[in-house]
Amino acid sequence: MKENYYKVAHHTYKVIFADDINNDELIPSSKVFNIDEETAKDNPLLFTLTVDDSFRPAKKGEEIGQFDCGGCNHGVYQLEDGSYQILVSDECGRQACLIQANADFSEGKVALNGTYSMRTFGLNNALMMMYAFSASDKNTVLMHASVIRKDGRGYLCLGVSGTGKSTHTSNWLKYIEGTDLMNDDNPVVRVIDGVATVFGSPWSGKTPCYRNVEAPIGGFLQLKQAPFNKIRRQTVIEAFASLLPSCSVMKWDRRDYLGTCDTVQALIERVPTYFMENLPNEEAVQMSYATMSAN
Amino acid sequence: MKIKKGFELRSICGENIIISLGKENINFTKVITLNETAACVWNAVIGTDFTVADGVKAITAEYEIDDATATADVEKLYQSWVDAGLAE
């Protein structure tokens with residue numbers, strides 16, 4: 001048995017590898033977030049996840065739904081005591097992991113299945129859910145965004161998959177000097193001491209960008225493909241409609257959903273959000289950079 | 001009439017936004033806002049089995065408006081709530 005501690009966006013969590021089959025080599029993207037036990041002792045634990053292939057499904061409970069997340073499927077079931085059982089299948093429909101978590105996701109167990117890459121996928125998926133759903137009532141959200149940094153501020157590009165978030169941020173890297181990519185898919189966003197802040201995470205979609213970095217947020221940019229470039233500030237209502245669906249959240253779970261709404265509200269109160277119709281070219285990023293950095 | 005389960009009114013930067021939650025609303029993706037008057041009625045009737053008279057009472061207590069106009073407005077408002085799937 002081996003215990004590992006990680007600290008992501010100032011939240012500490014523990015992963016216990018309880019069997020001889022799985023170990024931290026399954027999650028290389030978490031490596032830079034690893035902290036030693038001595039350091040971890042000073043922090044409250046966000047959650048503990050036990051990895052153990054020998055544990056078996058509980059009674060399935062009530063089916064909440066089957067949710068598609070970028071090709072993979074999450075079957076979500078809730079038991080009478082409010083605890084959850086989640087079955088995750090990969091893009092090929094193979095079952096990659098089984099997760100059981102208590103109602104507030106502070107304690108979880110996961111059994112992995114299949115090849116190394118399926119296990120890596122399954123464990124990262126389990127960690128993302130544990131993180132997002134345990135931190136949602138602590139002014140923290142896991143967002144679907146590509147994040148670029150310039151002059152010490154982070155800018156988050158939002159939009160459903162395929163809207164060109166990564167293209168837009170990669171064009172910032174290409175055309176705007178002094179920029180770096182903080183995360184390409186799943187950054188953590190928190191409001192700490194009144195400051196909206198974005199953090200790198202061990203989860204970054206298809207781009208290997210796993211960085212232990214943070215920056216105050218300079219702006220959110222909701223992107224839409226168009227045959228021209230045009231940017232404008234969003235209204236409060238538009239901002240809400242952009243930010244909330246970009247957060248990993250369980251709509252049916254009151255604690256999780258209201259906590260996420262609180263964080264989204266705090267973000268809208270502090271950070272400007274923009275809507276941009278754009279082409280994948282230099283003019284677009286010069287426009288978004290000039291507009292957002294001026295604020 | 002009743003507001004359906006899972007709808008809550010929030011004030012965000014001065015806007016009255018209705019959020020939807022719960023198993024019943026997993027596929028409810030609309031963002032609905034209310035103006036001040038509608039929010040006044042909403043707050044008065046939420047959680048109750050209400051009538052047009054309840055809505056009229058709420059706005060005549062808050063605004064200078066005659067009963068006939070208030071009644072017409074409340075009927076229109078209720079219909080918009082039903083059409084949006086907020087009330088039944």
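Val51(A) stands opposite Val110(A) in strand S9(A). The two strands involved, S4(A) and S9 (residues 107-112) of chain A, run parallel and are joined by four bridges. This is a predicted model. Both strands belong to an open sheet of nine strands in chain A, and chain A also makes a contact with chain B.

**The nine-strand sheet of chain A**

- The strand order is S3-S1-S2-S4-S9-S8-S7-S6-S5 (chain A), and the pairing is mixed.
- S3 and S5 of chain A stand at the edges with a single partner strand each, so one side of each has no neighbour in the sheet.
- Strand S2 (residues 11-17) of chain A runs parallel to strand S4 (residues 45-51) of chain A, and five bridges join them.
- Within that pair, Val15(A) has Leu49(A) in S4(A) as its bridge partner.
- An antiparallel pair is formed by S5(A) and strand S6 (residues 72-78) of chain A, with seven bridges between them.
- Here the bridge partner of Phe67(A) is His74(A), which lies in S6(A).
- In general, the strands of a sheet pair through backbone hydrogen bonds, in either a parallel or an antiparallel sense.

**Helix H2 of chain A**

- Helix H2 (residues 116-135) of chain A lies across six strands of chain A: strand S1 (2-8), S2, S4, strand S7 (84-89), strand S8 (95-101) and S9.
- H2(A) runs at about 30° to S8(A).
- Of the 20 residues of H2(A), 14 are buried, so the helix is largely enclosed by the rest of the structure.
- At 1.5 Å a residue, H2(A) should span 28 Å, and its end C-alpha atoms are 28 Å apart, which agrees.

**Chain A as a whole**

- Chain A has six helices and 18 strands.
- Its radius of gyration is 19 Å, close to the 19 Å that the globule rule gives for 295 residues, so chain A is as compact as a globular protein of that length.
- The C-alpha trace of chain A spans about 55 × 40 × 40 Å along its principal axes.
- Buried residues make up 46% of the 295 residues of chain A.
- Among contacts in chain A with a separation of 6 or more, 63% are between residues 24 or more positions apart.

**Asp20(A)**

- Asp20(A) lies in the loop between S2 and strand S3 (34-35) of chain A.
- Asp20(A) counts as exposed because it has 9 C-beta neighbours inside 10 Å, and the cut-off for exposed is 12 or fewer.
- From Asp20(A) to Ser166(A) the C-alpha to C-alpha distance is 38 Å, with their positions 146 residues apart in sequence.

**Contact between chains A and B**

- The contact takes 14 residues from chain A and 13 residues from chain B.
- On the side of chain A that touches chain B, the elements giving two or more residues are strand S5 (62-69), helix H4 (236-243) and helix H5 (254-270) of chain A.
- H5(A) provides the largest share of that side, six residues.
- S5(A), one of these elements, is also an edge strand of the nine-strand sheet.

**The three-strand sheet of chain B**

- Three strands of chain B form an open sheet in the order S1-S2-S3, with antiparallel pairing.
- Strand S1 (7-12) and strand S3 (32-34) of chain B are at the edges, each with a single partner strand, so one side of each is left without a neighbour in the sheet.
- Neighbouring strands of this sheet are turned by 35° against each other on average, direction ignored.
- Six bridges join S1(B) to strand S2 (residues 15-20) of chain B, and the two run antiparallel.
- Ser11(B) stands opposite Asn16(B) in S2(B).

**Helix H3 of chain B**

- Helix H3 (residues 67-83) of chain B has 17 residues and should span 24 Å at 1.5 Å a residue; its end C-alpha atoms are 24 Å apart, which agrees.
- The buried residues in H3(B) include Ala70(B), Val74(B), Leu77(B) and Trp81(B).
- These four cover an arc of only 65° around the axis, which puts them on the same side of H3(B).
- Helix H1 (36-45) and helix H2 (52-62) of chain B are among the elements that cover the buried residues of H3(B).
- The face turned away from the buried side of H3(B) carries the exposed residues Ala68(B), Ala72(B), Lys76(B), Gln79(B) and Asp83(B).
- Just after H3(B), Gly85(B) takes a positive phi of about 85°.

Key
Residues are numbered from 1 along each chain as its sequence is written. Chains are lettered from A and ligands numbered from 1 in the order in which they are written. This is a predicted model: local features need pLDDT of at least 70, side-chain atom pairs count only at pLDDT 80 or more; totals for chains, interfaces and linings use all residues. The expected span of a helix is 1.5 Å times one less than its number of residues. The arc is that of the directions from the helix axis to the C-beta atoms. Two residues are in contact if their C-beta atoms, placed from the backbone, lie within 7 Å. Two strands pair if DSSP finds at least two bridges between them. Axes are lines fitted to C-alpha atoms, for helices over the stretch in contact, and angles run from 0 to 180 degrees between N-to-C directions. The radius of gyration is taken over C-alpha atoms; the globule rule is 2.2 Å times the number of residues to the power 0.38.
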